[in-house]
Amino acid sequence: MIAQIDWETVWVAGIDEMNRLSTTSYWNRRAEDYSDMVLTSDCNHGRKILDLFEMEGILQKEWHILDIASGPGAITIPFAERVCRVTAVEPAERMAAALMSSAQNRGLSNIEVIPQTWQEVDDAAYVKNYDLVVCCHALWQFADILPQIRRMEAVSKGYCCLAHGFEAPSETLKITETLGIDEGEFDQFLTVFNLLNDSGVYPNVDVIDYTFTRSVASAVASVENLVGKYRLLDASDSAIIQEYVQHHAVEGFYQVSGRMGVLWWKVA
Amino acid sequence: MTSNSLTAPVDWVKSWEESYDTRSRIMHRDYEIDDWSERAEDYSESRRTNNYEFGESVYSALALHRVVSPRSRVLEVGAGPGTFVIPFARKVDHITAVEPAEGMARMINLNAAEAGVKNYDIIPKIWQDVNSADLRDRYDLTITSTVIWMFRDIMAQIGRMEEVTRGHCCVVGSVGIGQTFEAELWRKIMGNIPSPQYPEYPLIYNLLYMHGRVPQVRIIDYTSTRTPENMLRMYRVFYSIYTEVTPEVEETIREALYRDSGEGLCVRKYRSAVVWWDPAIRRNELNGIA
């Protein structure tokens with residue numbers, strides 16, 4: 001029975017295992033290729049999430065958005081182009097710098113950064129302050145996920161939205177299989193979905209198709225870093241990765257398509 | 001990465017079957033088609049509340065996502081008194097109701113006549129007896145509500161619903177939002193016997209996901225209004241499945257209803273999940289980090 005599974009415990013077990021492999025230094029190494037991917041893709045998945053709220057007829061020009069773990073701005077940039085104001089929570093200096101540089105290039109002056117982790121942000125100072133609180137691709141940062149979601153609800157006077165990978169690009173699956181990488185059985189999306197439902201938050205669910213475009217160098221770096229989580233990268237791995245990415249690249253760009261699950265709800 | 005029993009995939013089919021079997025074990029008798037005829041009047045009153053608010057909300061959610069349109073041909077599995085037949089027929093090309101209970105079929109015709117809709121027909125069978133191969137790709141949408149709990153072989157029946165559509169499938173399942181009245185009444189009548197579960201959602205989402213579908217969800221809230229007599233009729237049928245409905249049991253129900261709503265209408269707030277998917281779209285597994 002669904003009620004007999006403690007989804008918070010499942011989450012902690014899954015995140016513990018993931019974080020054992022994905023250390024801070026891993027994410028520091030990933031920052032550059034991730035940033036390249038988001039910006040080269042013109043914030044594709046963020047635009048799809050924006051489209052979702054527009055299609056629902058919910059999005060308002062006057063909105064103030066909080067983007068938790070904004071990275072280089074996949075959510076922040078497209079929303080800042082449409083709404084009054086976006087506050088990005090981003091502790092990594094290089095990510096925040098990439099975000100502000102991108103904003104400047106686009107002539108956006110309605111973005112501000114809180115240079116902290118979400119856990120460090122004093123939510124009491126922002127009670128019911130935002131119209132939409134988004135956390136995309138960053139739930140793995142929270143071992144205590146439900147309290148962190150409750151804090152997101154506390155600072156929202158409108159909606160909360162959690163977005164997470166739903167289906168990996170088939171190209172990613174092929175290369176990881178070729179390299180013998182097994183990322184385990186932990187399904188973050190389904191765990192968060194069940195955790196929310198069990199705790200009385202019944203989110204709407206949208207599945208969006210996205211396309212990521214990145215330079216060949218960025219794609220190679222991303223897969224090399226992934227392999228490096230599991231074993232020392234050797235010459236054979238590098239050759240396989242180079243060959244695979246080059247073979248699938250078009251005019252110097254490597255493009256993959258996947259699906260993202262978007263869980264969103266109106267805060268009571 | 002080593003397998004961790006906590007994060008290993010759950011066997012949702014087994015969960016579904018266990019839930020079905022647990023319910024069956026406490027049943028005094030099985031549901032019969034005549035039970036649904038007996039329920040026709042109260043069910044109809046509930047679905048008609050606020051000019052078919054429930055069906056209209058489901059239609060709006062699906063139309064916004066282009067799952068249904070004025071050109072659609074729709075099949076409703078277990079239509080009851082016309083849950084979707086009436087609100088959908090006003091907007092789509094045609095709707096077929098699969099409904100075996102004569103009383104329910106009569107109610108569909110009455111409600112349709114009142115609403116002035118004629119673009120529907122009724123297949124007077126239970127869904128399991130419908131030859132889905134004969135209807136292959138005949139519809140743009142197969143939809144059902146408050147029915148799938150009757151299917152122990154859930155994925156087989158889902159597969160048959162998919163077989164008859166060239167477009168989408170939709171299951172509307174109720175979301176338990178703490179109906180304390182129901183829980184208290186069950187305790188008064190049945191004592192410590194655990195109340196039966198009808199866990200359509202979110203279990204159905206997990207089942208579909210586990211089987212490679214890409215389901216999307218809208219949560220809707222709606223109201224159901226019924227007279228005390230119709231509520232009594234509903235509870236009489238419901239409790240007859242689990243115990244003998246003696247005059248004492250009936251009096252317990254009456255008293256509870258009176259305490260809840262006096263002599264006026266019984267108003268209930270409900271929440272449901274509208275779950276839809278395109279059977280042609282399947283997902284690859286995604287594990288680890290996105």
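**Exercise 1. Which residues touch the most other members of the largest nonpolar core?**

Step 1: start with the term. A nonpolar core is a set of buried Ala, Val, Leu, Ile, Met, Phe, Trp, Tyr and Cys residues joined through side-chain atoms within 4.5 Å. Buried means under 20% relative accessible area, exposed over 50%, and partly exposed in between, with a 1.4 Å probe and protein chains only.

Step 2: go to the core. The largest one has 75 residues, and A:I68, B:Y201 and B:Y205 touch the most other members.

A word on the model: it is predicted, so local features need pLDDT of at least 70 and side-chain atom pairs count only at pLDDT 80 or more, while totals for chains, interfaces and linings use all residues. Residues are numbered from 1 along each chain as its sequence is written, chains are lettered from A and ligands numbered from 1 in the order in which they are written, and side-chain values use heavy atoms, with hydrogens and water left out.

**Exercise 2. List what B:Y201 touches, then find another core.**

Step 1: contact means heavy atoms within 4.5 Å. Not counting residues up to four places away in sequence, B:Y201 touches A:F193, A:N197 and A:P203 in chain A, and B:G173, B:S174, B:V175, B:V217, B:I219, B:A273 and B:V275 in chain B.

Step 2: apart from the largest core lies another, of 52 residues, with A:A80, A:A103, A:L132 and A:V262 among them.

**Exercise 3. Is A:V262 buried or exposed, and what surrounds it?**

Step 1: find its place. A:V262 sits in strand β7 (residues 253–266) of chain A. Helices (H or I, at least four residues) and strands (E, at least two) are DSSP runs, numbered from the N terminus.

Step 2: A:V262 has 0% relative accessibility, so it counts as buried.

Step 3: leaving out residues up to four places away in sequence, A:V262 touches A:I49, A:L52, A:C161, A:L162, A:A163, A:N204, A:V205, A:D206 and A:I208.

Step 4: now try A:P203. A:V262 and A:P203 are 59 residues apart in sequence, and 9.1 Å apart in space, C-alpha to C-alpha.

**Exercise 4. Describe how α7(B) packs with α9(B).**

Step 1: get the geometry. Axes are lines fitted to C-alpha atoms, for helices over the stretch in contact, and angles run from 0 to 180 degrees between N-to-C directions. Helix α7 (residues 180–190) and helix α9 (residues 228–242) of chain B pack at about 50 degrees, with their axes 12 Å apart.

Step 2: name the arrangement. Under 35 degrees is roughly parallel, over 145 roughly antiparallel, 65 to 115 roughly perpendicular and the rest oblique. α7(B) and α9(B) are therefore oblique to each other.

Step 3: pick out the residues. B:F181, B:E182, B:L185, B:W186, B:I189 and B:M190 of α7(B) meet B:Y235, B:F238, B:Y239 and B:Y242 of α9(B).

Step 4: sort them. Ala, Val, Leu, Ile, Met, Phe, Trp, Tyr, Cys and Pro count as nonpolar, Asp, Glu, Lys and Arg as charged, and the others, Gly among them, as polar. The contact of α7(B) with α9(B) has nine nonpolar, no polar and one charged residues.

**Exercise 5. Do the same for α7(A) and α10(A).**

Step 1: helix α7 (residues 170–178) and helix α10 (residues 235–248) of chain A pack at about 155 degrees, with axes 11 Å apart.

Step 2: α7(A) and α10(A) are therefore roughly antiparallel to each other.

Step 3: A:E171, A:K174, A:I175 and A:T178 of α7(A) make the contact with A:I240, A:I241 and A:Y244 of α10(A).

Step 4: the contact of α7(A) with α10(A) has four nonpolar, one polar and two charged residues.
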